[in-house]
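Biologist: Hi! Could you walk me through the charged and aromatic contacts in this structure?
Modeller: Happy to, let's have it up on the screen.

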Amino acid sequence: MSNSPTPITTHSASTARFLTGNLMRHIIVMSLSASVGLIALFVVDFIDLYFISLLGDTALTAAVGFAGTLMAFGLSVSIGLMIAMSALGARRIGAGDETGARTMATSVLTLGGLVGVVFAAIFWIFAPQLLALLGASGDTQLAAVRYLRIVMPTMPIMALAMICSGLLRAYGDARRAMNVTLFSAVANGILDPILIFGFGLGLDGAAWASVLARLTMCATAAAPIVRHYGGFAPVRIERILQHVRPIFGIAAPAILTNLATPVGVVFVTRAIAGFGDDAVAGYSVLSRLMPLAFCVIFALSGAVGPIVGQNFGAGQFDRVRETIVKSIQFTAIYTAGMWAALFAGQGFIADQFSINGVGREIIFWFAAVAAPLLVFNGVLFVCNAVLNNLDRPLWSTYLNWGRNTLGVIPFAMVGAQLSGAPGIVVGQYAGGIVFAAIGLWISLRLVDHYAQPIARDFEEACAR
């Protein structure tokens with residue numbers, strides 16, 4: 001059996017646009033629209049940290065940074081479950097089986113809730129030990145434990161919210177799916193100053209604001225499903241057991257892929273912690289500023305995927321290659337613009353968060369040296385989209401884990417020896433050069449592999 005897809009000759013209007021329209025325009029529009037939801041997700045963490053910094057205690061800012069590093073694992077699990085829900089739901093909805101989609105949604109929600117409970121319990125019980133492994137100590141560790149133990153029990157709620165968001169996307173309801181994170185960010189932004197300053201709760205107020213924001217997120221995600229799409233099917237154990245394999249067949253690789261990033265961040269946070277609370281506070285600001293500034297690049301993989309997939313399905317491999325090239329060009333242009341903005345505003349950012357000492361140096365060196373290296377992260381995201389849509393999802397997982405282990409640890413260690421904490425940050429992003437090059441080489445070779453049978457068939461047809 002040939003590995004090449006069968007070319008198709010008729011397409012829907014949206015498919016035809018991807019196959020014949022201006023690729024750069026498609027990439028820009030889809031990346032910007034996909035980044036809106038991500039912006040809201042990252043703004044929540046950014047808001048929390050900003051209001052905590054207004055308390056003027058570096059230890060509290062560092063505590064939120066330590067806690068956020070661990071909470072990223074919960075978010076990665078939730079995103080993996082959302083991806084599984086979106087894929088499995090879309091298949092059934094596309095086949096006209098909306099009852100099957102509701103039944104699958106119940107199974108994913110049940111299993112996701114159970115996974116969330118297990119993760120939340122582990123992180124709640126072992127919070128002191130896990131934070132100590134990150135390098136937290138003294139008052140900073142105590143504050144981080146308190147923050148984590150307030151927020152972490154809501155991990156099952158966040159998992160349910162993300163799963164419902166995935167189901168909304170499966171129904172094609174992108175606007176309501178986007179509202180899930182938007183309403184959560186708005187709630188967090190309103191509640192933070194009220195609870196932190198109005199009620200005088202300080203760090204605990206920020207934690208409770210996050211709890212209430214997650215509850216808002218879950219309600220915003222579930223309500224339109226009940227109101228507009230028939231709700232969910234009754235819970236039946238035998239059906240859930242039948243769905244375990246297909247659910248985790250998609251969710252497990254997605255979770256593993258998403259877990260790679262927080263694993264790399266754990267090592268960097270541990271290394272930064274050796275330079276004191278000022279360094280951790282600076283890195284905490286950086287770790288929230290970077291995804292907010294570069295969320296368009298983070299959205300690139302999901303945005304480019306449909307373009308690659310449709311052209312691949314149509315056998316238009318020149319368009320697949322062009323998509324890769326245009327995506328990298330877009331990444332380079334966007335990164336250059338954001339680099340200039342960050343370099344111009346790095347002093348203002350440090351002032352707003354009351355960052356001093358080595359923490360201020362970290363922000364400067366990121367803005368001056370590390371920010372342009374994010375272009376290689378963008379290249380890797382494009383390669384992930386190519387590999388996922390050309391039936392090589394595990395290759396994408398391997399690349400991500402390589403990037404966030406071999407592409408972080410040795411480079412950060414060398415950076416620490418050369419220039420201390422700022423060198424760690426630069427090293428963290430410098431390793432992306434190697435894996436971006438590997439990913440691009442593999443992706444282009446894979447496209448060539450699929451294109452060859454098409455070329456041979458065409459030549460044979462011409463000869464006949």
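**Charges and rings**

Modeller: Let me start with Asp277, which has its place in helix H11 (residues 277-293). Keep in mind that this is a predicted model.

Biologist: OK. How exposed is Asp277?
Modeller: Asp277 is partly exposed, because its relative accessibility is 32% and the partly exposed class runs between 20% and 50%.

Biologist: And which residues gather with Asp277 in a patch of negative charge?
Modeller: Asp57, Asp139 and Asp278 gather there with Asp277, and the patch is on the surface.

Biologist: Let's switch to salt bridges. How many does the structure hold?
Modeller: There are 5 salt bridges in the structure. One of them joins Arg146 and Asp204, with 2.7 Å between the closest N and O atoms.

Biologist: Where do those two sit along the chain?
Modeller: Arg146 belongs to helix H6 (residues 138-151) and Asp204 to helix H9 (residues 203-228). They are 58 residues apart, and the pair links distant parts of the chain.

Biologist: Is that pair buried or exposed?
Modeller: Partly exposed on either side: Arg146 has 38% relative accessibility, and Asp204 has a relative accessible area of 22%.

Biologist: Which partner does Arg176 meet in a salt bridge?
Modeller: That would be Asp173, with 2.6 Å from N to O. Here Asp173 is buried, because its relative accessibility of 8% is under the 20% cut-off. Arg176 is partly exposed, at 21%.

Biologist: What about Asp318, which residue does its side chain meet?
Modeller: The side chain of Asp318 meets Arg321 in a salt bridge, 3.0 Å from N to O. Both belong to helix H14 (residues 317-352), and they are 3 residues apart, so about one helical turn separates them.

Biologist: Which residues are in the network with those two?
Modeller: Asp448 is the other member: salt bridges that share partners join Asp318, Arg321 and Asp448 into one network. As for accessibility, Asp318 is exposed at 60%, while Arg321 is partly exposed at 25%.

Biologist: Good, now the rings. How many aromatic pairs turn up in a search of the whole structure?
Modeller: The search finds 13 aromatic pairs. Among them is Phe51 with Phe197, an edge-to-face pair with 6.3 Å from centre to centre and 65° between the planes.

Biologist: Which parts of the chain does that pair tie together?
Modeller: Phe51 is in helix H2 (residues 23-53) and Phe197 in helix H8 (residues 174-198), so the pair ties together parts 146 residues apart in sequence. Phe51 is buried at 16% relative accessibility, whereas Phe197 is partly exposed at 38%.

Biologist: Do you have another one to show me?
Modeller: Sure, look at Phe298 and Phe381. Their ring centres are 5.5 Å apart and their planes are at 80°, so this pair is edge-to-face.

Biologist: Why call that edge-to-face?
Modeller: Because the 80° between the planes is over the 60 degrees that edge-to-face calls for.

Biologist: And which helices does that pair come from?
Modeller: Phe298 lies in helix H12 (residues 295-298) and Phe381 in helix H16 (residues 374-389), so parts 83 residues apart in sequence are tied together. Phe298 is partly exposed at 23%, and Phe381 is buried at 18%.

Biologist: Last one, back to Phe51: which residues do ring pairs link with it into a cluster?
Modeller: Phe46, Tyr50, Phe197 and Phe353 are linked with Phe51 by ring pairs.

Key
Residues are numbered from 1 along each chain as its sequence is written. This is a predicted model: local features need pLDDT of at least 70, side-chain atom pairs count only at pLDDT 80 or more; totals for chains, interfaces and linings use all residues. Side-chain values use heavy atoms; hydrogens and water are left out. A salt bridge is a side-chain nitrogen of Lys or Arg within 4 Å of a carboxyl oxygen of Asp or Glu. Helices (H or I, at least four residues) and strands (E, at least two) are DSSP runs, numbered from the N terminus. Buried means under 20% relative accessible area, exposed over 50%, partly exposed in between (1.4 Å probe, protein chains only). Patches are made of residues with over 30% relative accessible area and no salt bridge: like charges are joined within 9 Å, nonpolar side chains (Val, Leu, Ile, Met, Phe, Trp, Tyr) within 5 Å. Accessible areas come from the Shrake-Rupley method with a 1.4 Å probe; for residues, only the protein chains shown count as cover. Lys and Arg count as positive and Asp and Glu as negative; His and the chain ends are not counted. The place of a charge is taken as NZ of Lys, CZ of Arg, CG of Asp or CD of Glu. Rings of Phe, Tyr and Trp (its six-membered ring) pair if their centres lie within 6.5 Å; planes under 30 degrees apart count as stacked, over 60 as edge-to-face and the rest as tilted.
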